Amino acid sequence: MYFTNVDYMIFTEENSANKSTAMIKERKRLQNKMLKLHEMIYGDVVKLGLSCHENKNHITTKIEPNRFNGKINSWLLVRYGKKPEEIAPYKEFDYGFTKHACIQYGLFDRKGFEISLFLGRKGDYDRLQICKTIAKNSTAIESELKKIKGYGMKWVIGGFEFEIDNNDTAEFCDWLIAHDKDGMESFLSYTYKIDDERLSEENIAKEVLSKITLLNGLYNAMVQRRG
């Protein structure tokens, strides 16, 4: 596997607050491995009209303990979204890259490897605009949802889930608006088990790029883009 059990162990409860030099090196090693995967696919990602954070230090999520509880996040992600020139007009309103919707991938504690379309937290830009976006693009959103049927994906808001394979896509927009007030993170996810053969060293770059490509149409239908 490209990512090993040792990599996932970094996110255990015991290790999350470990500030030893050895653990810091392990987190940096894993971050570099994630960046290597990013470099393998990024040329093709750009062709899809997506961009990573313009600051190279923020291509992945942070590996340092946060200031609130002294622990690292239970995940390590790479995010792709709007281009720097699309983000620029919103910066003065405190809507930088991380406050907009994105397609992201990475390790989530012991759960596995996940690829998701992350609409945002309550208060993030595209999350705030979702009612207007649905009013304008509901037909396109439904059309894109039909393309991802059969892949085992689900939309999650708090404790609520909409399974794309088992629910009528025509009901999704109403479901999303009805549950959006819950205020939790809102995202479409696809999770791989740790030992999934598609995550082997030989296959992972192709697999991640294929899922990003699959989700890109839905991403464009659900966010407000410039240019």
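**Notebook: sheet, core and helix α8**

I began with strand β4 (residues 154-157), which pairs with β6 in the antiparallel sense over 4 bridges. In that pairing, valine 156 stands opposite phenylalanine 187 in β6. My strands (E, at least two residues) and helices (H or I, at least four residues) are DSSP runs, numbered from the N terminus. I call two strands paired if DSSP finds at least two bridges between them.

Ground rules before going on. This is a predicted model, so I kept local features to pLDDT of at least 70 and side-chain atom pairs to pLDDT 80 or more, while totals for chains, interfaces and linings use all residues. Residues are numbered from 1 along each chain as its sequence is written, and side-chain values use heavy atoms, with hydrogens and water left out.

**Strands**

I followed β6 (residues 186-192) next and found 6 of its 7 residues buried. Buried is under 20% relative accessible area, exposed is over 50%, and partly exposed is in between (1.4 Å probe, protein chains only). Strand β3 (residues 112-120) runs antiparallel to β6, and 7 bridges join them. There I noted leucine 117 with leucine 188 as its bridge partner.

Then I looked up β2 (residues 102-108), where 7 of 7 residues are buried. It is joined to β3 by 7 bridges, again antiparallel, with phenylalanine 108 opposite glycine 112. Strand β1 (residues 75-80) also pairs with β2, antiparallel over 6 bridges, and leucine 76 stands opposite leucine 107 there.

**Two buried polar residues**

How buried or exposed is serine 116? It sits in β3 and counts as buried, at 1% relative accessibility. Skipping neighbours within four places in sequence, I listed its contacts (heavy atoms within 4.5 Å): Cys102, Ile103, Gln104, Phe187, Leu188, Ser189 and Leu215.

Histidine 38 was my other stop, in helix α3 (residues 21-47). It is buried too, with a relative accessible area of 6%. Leaving out residues up to four places away, histidine 38 touches Cys52, Ile59, Val78, Tyr80 and Tyr105.

**Core and rings**

Which residues have the most contacts inside the largest nonpolar core? They are Phe3, Tyr105, Phe113, Trp155, Phe172 and Leu176, in a core of 58 residues. Helix α8 (residues 204-222) gives the most to this core, with 11 residues. By nonpolar core I mean buried Ala, Val, Leu, Ile, Met, Phe, Trp, Tyr and Cys residues joined through side-chain atoms within 4.5 Å.

I got 15 aromatic pairs in the structure. I looked at tyrosine 105 and phenylalanine 113: their ring centres are 6.3 Å apart and the planes are at 35 degrees, so the pair is tilted. The cut-offs: rings of Phe, Tyr and Trp (its six-membered ring) pair with centres within 6.5 Å, and planes under 30 degrees apart are stacked, over 60 edge-to-face, the rest tilted. Both tyrosine 105 and phenylalanine 113 are buried. They belong to one aromatic cluster with Tyr2, Phe3, Tyr42, Tyr80, Tyr190 and Tyr192.

**Helix α8**

I finished on α8, which is largely enclosed by the rest of the structure, because 14 of its 19 residues are buried. I checked its span: at 1.5 Å a residue, 27 Å is expected, and its end C-alpha atoms are 26 Å apart, which agrees. (Expected span is 1.5 Å times one less than the number of residues.) I also logged a kink of about 35 degrees centred on asparagine 216, the bend being the angle between axes fitted to the seven residues ending at a residue and the seven starting there.
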